[in-house]
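Reader: I would like a close look at a single part of this model, the sheet, and in particular at how its strands are joined to one another. Please take me through it slowly, and then go on to what lies around it.

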Amino acid sequence: MENHFILRPWQLSDAVSLARYANDPDVSLNLRDRFPYPYALSDAESYIRDCIAKEETQLCRAIVIDGEAAGSVGVFPRSDIYRRTAELGDWLAKPFWGRGIMTAAVAEICREGFRRFDIVRIDAEINARNIASRRVVEKNGFTLEGVLRRNVYKRGEILDSCMYSLLREEVSL
Ligand SMILES: CC(C)(COP(=O)(O)OP(=O)(O)OC[C@H]1O[C@@H](n2cnc3c(N)ncnc32)[C@H](O)[C@@H]1OP(=O)(O)O)[C@@H](O)C(=O)NCCC(=O)NCCS
């Protein structure tokens, strides 16, 4: 199946397609509550404005398929004693799942994140049941460091989460 995409900075004109694709309970099921459902046009606009404002300090990209913003992938550096680390975040619109798009997008954003920021580690905390997301990071060389037991409360359920990390020296830059 076709898996062509580009990564580019978010722009305000993406708000309509972002709101349409993000307004899906299956997309937000394994995301933090700050990714709302239902997802309104105003949520899309404030997300994009925030990404534009933080362009110098984080790397957040729209996943553009056939000219439409259909997902997001980013490397988000932390502060304080964690300032040499960053968190990976990603989601993709449901019609495009299972084509290898996020596996390729995560490879690209991690390389770019290590090039751009003085970080030594990118990590991802993924709900244990989110097998697709776990496969995406595993295929990109992330190591499972441990399971955080009963760490997450989402839509009425208590869930375990898995901590994965990728170190700078594990990536060809
Ligand atoms: C998780 C997500 C980003 C994956 O994106 P994607 O482009 O569909 O991922 P890919 O096609 O690159 O890879 C998915 C992998 O998971 C596998 N997979 C998917 N569903 C699976 C399931 N239920 N059981 C086992 N494997 C599964 C696929 O077979 C593939 O692995 P493979 O190449 O070894 O066969 C996408 O499903 C999504 O956006 N989900 C909602 C938001 C989310 O959960 N984000 C991550 C938060 S940590």
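Author: In this predicted model, strand β5, which covers residues 121-127, is joined to strand β7, residues 157-167, by 7 bridges, and the two strands run antiparallel. Two pairs of residues let you follow this pairing by eye: R121 stands opposite L167 of β7, while A124 stands opposite Y164 of that strand. Strand β7 is also joined to β6, here by 8 bridges and again in an antiparallel arrangement, and one place to find this pairing is Y153, whose bridge partner in β7 is I158. Strands β6 and β7 form a hairpin with 2 residues between them, and in that turn R155 has a positive phi of about 45 degrees.

These pairings belong to an open sheet of 7 strands, in which the pairing is mixed and the order is β1-β2-β3-β4-β5-β7-β6. The edge strands, each of which pairs on one side only, are β1 (6-9) and β6 (143-154). From one strand to the next, the twist averages 30 degrees.

Strand β5 comes up again when one turns to the ligand, since β4 (85-92), α4, β5 and α5 (131-139) are the elements that give two or more residues to the shell around the ligand. That shell holds 21 residues, the closest of them being W97, M102, T103, A132 and R135, and helix α5 gives the most to it, with 5 residues. By kind, the residues of the shell divide into 12 nonpolar, 6 polar and 3 charged.

Helix α4 leads on to the largest nonpolar core, which has 42 residues, and in which I63, A70, L92, A105 and V106 touch the most other members. Helix α4, residues 101-116, gives the most to this core, with 7 residues. For V106, if its neighbours within four places in sequence are left aside, the contacts are V73, L88, D90, V136, V137 and N140. As a general point, nonpolar side chains tend to be buried together in soluble globular proteins.

For a contrast with the core, consider D50, which is found in helix α3 (residues 41-53). D50 counts as exposed because it has 12 C-beta neighbours inside 10 Å, and the cut-off for an exposed residue is 12 or fewer. Between the C-alpha atoms of D50 and F5, which are 45 residues apart along the chain, the separation is 23 Å.

Technical notes
Residues are numbered from 1 along each chain as its sequence is written. This is a predicted model: local features need pLDDT of at least 70, side-chain atom pairs count only at pLDDT 80 or more; totals for chains, interfaces and linings use all residues. A nonpolar core is a set of buried Ala, Val, Leu, Ile, Met, Phe, Trp, Tyr and Cys residues joined through C-beta atoms within 7 Å. A residue is buried if 20 or more other C-beta atoms lie within 10 Å of its own, exposed if 12 or fewer, and partly exposed in between; C-beta atoms are placed from the backbone. Helices (H or I, at least four residues) and strands (E, at least two) are DSSP runs, numbered from the N terminus. Two residues are in contact if their C-beta atoms, placed from the backbone, lie within 7 Å. Two strands pair if DSSP finds at least two bridges between them. Axes are lines fitted to C-alpha atoms, for helices over the stretch in contact, and angles run from 0 to 180 degrees between N-to-C directions. A residue is near a molecule or strand if its C-beta atom, placed from the backbone, lies within 6 Å of it. Ala, Val, Leu, Ile, Met, Phe, Trp, Tyr, Cys and Pro count as nonpolar, Asp, Glu, Lys and Arg as charged, and the others, Gly among them, as polar.
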